[in-house]
Amino acid sequence: MNAQNSAINTTAPIKGARLFSRDVMLQYGVLWAFLVLLIVSAVLYPRVFELQNIQNILSQSSPVGIVAVGMTFVIIGGGFDLSVAAIFALGAVVFANRADAFGLWGAAASVIAVSAVCGIINGLVVTRLKVNAFVATLGSGSVFGGLAYIYSSSAPQVPNDFNFGDLGTGAWFGWPISIWILFLTFAVGAAILSKSVYGRSIYALGGNEEAARLSGIPVDLYRASTYVLTAICSGVGGMILSSRLGVGQADMGGSLALDAIAIVVIGGTSLLGGEGALWRTAVGLLIIATLTNVFDSLAINTNYQLVAKGLIVIAAVALDIYARKMRT
């Protein structure tokens, strides 16, 4: 009997250690994946760690990274937003169109106001009309995209303001302004999501909506607010790209929605809601941005890049499903 108990006592810690190791790998696997990517990238493209290249990576990915911050809030809250590309483009044309008349600050305020209205519309359609988020934002994205074309008369908006490019190409203390905005967006978003009552309520909403409602959380208000946050982030991203290129066009969104969702999912935020963090989104952004930089540096065909991104997204979702099963 004592020998049997001794065997149990010696094997239990081993099993516990294995489970702990597996849980750690599932929890922080994205960091290991990023580390492996950095090693491989350094071998294939030795200049990847040069300061100028790092700044280029962060600057070029800042618009989609800012959008991904808002998308993280929506997905953790149990929602989905496919209209971000259209709001991004609308923000770009409004910013370029209003820059001469209102100045940069006035044009930026106009974009934030327009973007917020778009987010409010999305939030109301999802929470009040009870339309599925996928369908609602797919439809509203078509509306907002059409408005971008109507507002710009389907023509590029080229401002005459010589300071228009400051937001996208200017620098503070040797670093592009767009990178500072990206850092600030992530820092503020992370503080709100992890340290505030609002952030904890978003997790509760995505984890179990009915339980959140019974605990007194204003479910509809909080869910709608995540769409407003995402819309504002999309508008800001559109401003940065418009400023960098010196023009605002209604077709600027492109595959932005897919890219933003891919960044969030690759980072490890669950599409089912209730789980995730902005540090994960930051790692997801760095993975996509580094891959794109290395692919471009090696002159790899864009079509193959799309295939690689798609496979990475599928793998990330499959890993999330596996991790959930292991925890149950």
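In this predicted model, Arg223 is a buried residue, with a relative accessible area of 13%. Even so placed, Arg223 has a partner: its side chain meets that of Glu209 in a salt bridge, at 2.9 Å from N to O. The pair links distant parts of the chain, since Arg223 sits in helix α9 and Glu209 in helix α8, 14 residues apart.

Glu209 has another partner too. The side chains of Glu209 and Arg213 form a salt bridge of 2.8 Å, again taken from N to O. Here both residues belong to one helix, α8, which runs over residues 209–214. They are four residues apart, or about one turn of that helix. As for how open they are, Glu209 is partly exposed at 30% relative accessible area, and Arg213 is partly exposed as well, at 37%. Put together, Glu209, Arg213 and Arg223 belong to a network of salt bridges that also takes in Glu210.

How many salt bridges turn up in the whole structure? A search finds five. One of them brings in Lys130, which forms a salt bridge with Asp220, the closest N and O atoms being 3.7 Å apart. Asp220 lies in helix α9 (residues 219–245) and Lys130 in the loop between α3 and α4, so this pair ties together parts of the chain that are 90 residues apart in sequence.

Lys130 is worth a second look for its backbone. Most residues other than glycine have a negative phi. Lys130 is not a glycine, yet its phi is positive, at about 60°. The loop that holds Lys130 runs between α3 (84–127) and α4 (133–151). Is this residue buried or exposed? With a relative accessible area of 55%, Lys130 is exposed, because the cut-off for that label is over 50%.

Ser153 tells a similar backbone story in another loop. This residue, also not a glycine, has a positive phi of about 55°. Where does Ser153 lie? Its place is in the loop between α4 and α5, the latter covering residues 166–169. Ser153 counts as exposed, too, at 58% relative accessibility.

To recap, helix α9 holds Asp220, the partner of Lys130, and Arg223, whose link to Glu209 reaches helix α8. The loop residues Lys130 and Ser153 each carry a positive phi, and each is exposed.

Methods. Residues numbered from 1 in each chain as written. Predicted model: local features only at pLDDT ≥ 70, side-chain atom pairs only at ≥ 80, totals over all residues. Heavy atoms only, no water. Helix = DSSP H or I, 4+ residues; strand = E, 2+ residues; numbered from the N terminus. Buried < 20%, exposed > 50% of the residue type's maximum accessible area, 1.4 Å probe, protein only. Salt bridge = Lys/Arg side-chain N within 4 Å of Asp/Glu carboxyl O.
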